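Let's walk through this structure together, one kind of contact after another. Keep the 3D view open as you read.

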Amino acid sequence: MEVRQLAVPDAYEFTPRSFPDHRGLFVAPFQEAALVEAIGHPLHVAQTNHSVSRRGTIRGVHFADTPPGQAKYVYCPRGALLDVVVDLRVGSPAFGTWDAVRLDSVGYRAVYVAEGLGHAFVALEDDTVMAYLCSTGYNPSAEHGITPLDPELDLPWPSQPEPILSEKDAAAPALAEAAASGLLPRYADCVAHYEKLRAG
């Protein structure tokens, strides 16, 4: 398993080895030992999510109140997508920074998104599947979003086709508005939470 830290601190790309043969293919997109070595603690999996998206669908930018937040380990078992991580942590040296990784059913790369970071993706093909391992269960009162079309962020969405968004994502505030309203996670709170997880 190859591991690469993204431009957004506390986010990582994982590239597993694939083993094709006459029967098909075997790959292990999630390997706990590699994740623990990268982030310093195991991922407690409280919920798994599975989404299927049409080409052009953008989901996100989503984040959760931290602590406890929601860490995610995501990969694409079918189709292809562009996965985007945004540093939304107020006070972070990288606040407003984003990075993007292509996830698909060829390389089976995965991305780890720490608590407090924003996460979004766009489906590049019809019937694209995203698989998520989540550290906490669904808690609608603690989950939020900013608009993925915020010009200040200028996220790398394709120019075609026209983006498909949920009503909730389309109505989400811009980054500056979310920061001014106190909606965003605080970097100090996130770092303290990571240290608590590493301490066990």
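Arg186 is partly exposed, because its relative accessible area is 46%. In this predicted model, Arg186 forms a salt bridge with Asp189, and the closest N and O atoms are 2.9 Å apart. Asp189 is partly exposed as well, with a relative accessible area of 28%. Elsewhere, salt bridges that share partners bring Asp10, Asp87 and Arg89 together in one network.

Let's look inside that network. Asp87 and Arg89 meet through their side chains in a salt bridge, at 2.9 Å from N to O. Are these two residues buried or exposed? Asp87 has a relative accessible area of 0%, so it is buried. Arg89 also counts as buried, at 0% relative accessibility. Here, then, is a charged pair whose partners, Asp87 and Arg89, are both buried.

Now turn to Asp21, which makes a salt bridge with Arg23; their closest N and O atoms are 2.5 Å apart. Asp21 is partly exposed, because its relative accessibility of 35% falls between the limits of 20% and 50%. Arg23 is exposed, because its relative accessible area of 69% is over 50%. How many salt bridges does a search of the whole structure find? The count is seven, and the pairs described above are among them. As a general point, side chains of opposite charge can pair when their charged atoms come close.

Asp21 also leads us to the strands, since β3 covers residues 18-21. Strand β3 runs antiparallel to β4, residues 24-27, and four bridges join the two. The connection between β3 and β4 is a hairpin through two residues. Across this pair, Phe19 stands opposite Phe26 in β4.

From the hairpin, move on to a sheet with more strands. Which strands form it, and in what order? Five strands make up an open sheet, arranged β9-β8-β11-β6-β13, with antiparallel pairing. At the edges stand β9 (98-104) and β13 (143-145); each has a single partner strand, so one side of each is left without a neighbour in the sheet. From one strand to the next, the twist averages 25 degrees. Within this order, β11 and β6 stand next to each other. Strand β6 spans residues 58-64 and β11 spans residues 118-123, and three bridges pair them in the antiparallel sense. If you would like a residue to find in this pair, Arg59 stands opposite Phe121 in β11. In general, strands of a sheet pair through backbone hydrogen bonds, either parallel or antiparallel.

Next come the aromatic rings, which form three pairs. One of these pairs is Phe14 with Tyr73: the ring centres are 5.4 Å apart and the planes are at 45 degrees, so the pair is tilted. Phe14 sits in strand β2 (residues 11-15) and Tyr73 in strand β7 (residues 72-78), so their contact ties together parts that are 59 residues apart in sequence. Both Phe14 and Tyr73 are buried.

Tyr73 has another ring partner in Phe30, with centres 4.9 Å apart and planes at 80 degrees, so this pair is edge-to-face. Phe30 lies in the loop between β4 and α1 (32-39), while Tyr73 is in β7, so this pair ties together parts that are 43 residues apart in sequence. How do the accessibilities of the two residues read? Phe30 is partly exposed, with a relative accessible area of 28%, whereas Tyr73 counts as buried at 1%. Taken together, ring pairs link Tyr12, Phe14, Phe30 and Tyr73 into a cluster.

Finally, consider the cysteines. How many disulfides does a search of the whole structure find? The answer is zero. For Cys76, the nearest cysteine sulfur is that of Cys134, 16 Å away, and Cys76 is in no disulfide. That separation does not meet the cut-off, because a disulfide needs cysteine sulfur atoms within 2.5 Å. Cys76 is buried, with a relative accessible area of 0%. Cys134 is likewise in no disulfide, its nearest cysteine sulfur being that of Cys76. Cys134 also counts as buried, at 0% relative accessibility.

Key:
Residues numbered from 1 in each chain as written. Predicted model: local features only at pLDDT ≥ 70, side-chain atom pairs only at ≥ 80, totals over all residues. Heavy atoms only, no water. Pairing = 2+ DSSP bridges. Axes fitted to C-alpha atoms, helices over the stretch in contact; angles between N-to-C directions. Salt bridge = Lys/Arg side-chain N within 4 Å of Asp/Glu carboxyl O. Buried < 20%, exposed > 50% of the residue type's maximum accessible area, 1.4 Å probe, protein only. Phe/Tyr/Trp six-rings, centres within 6.5 Å; stacked < 30°, edge-to-face > 60°.
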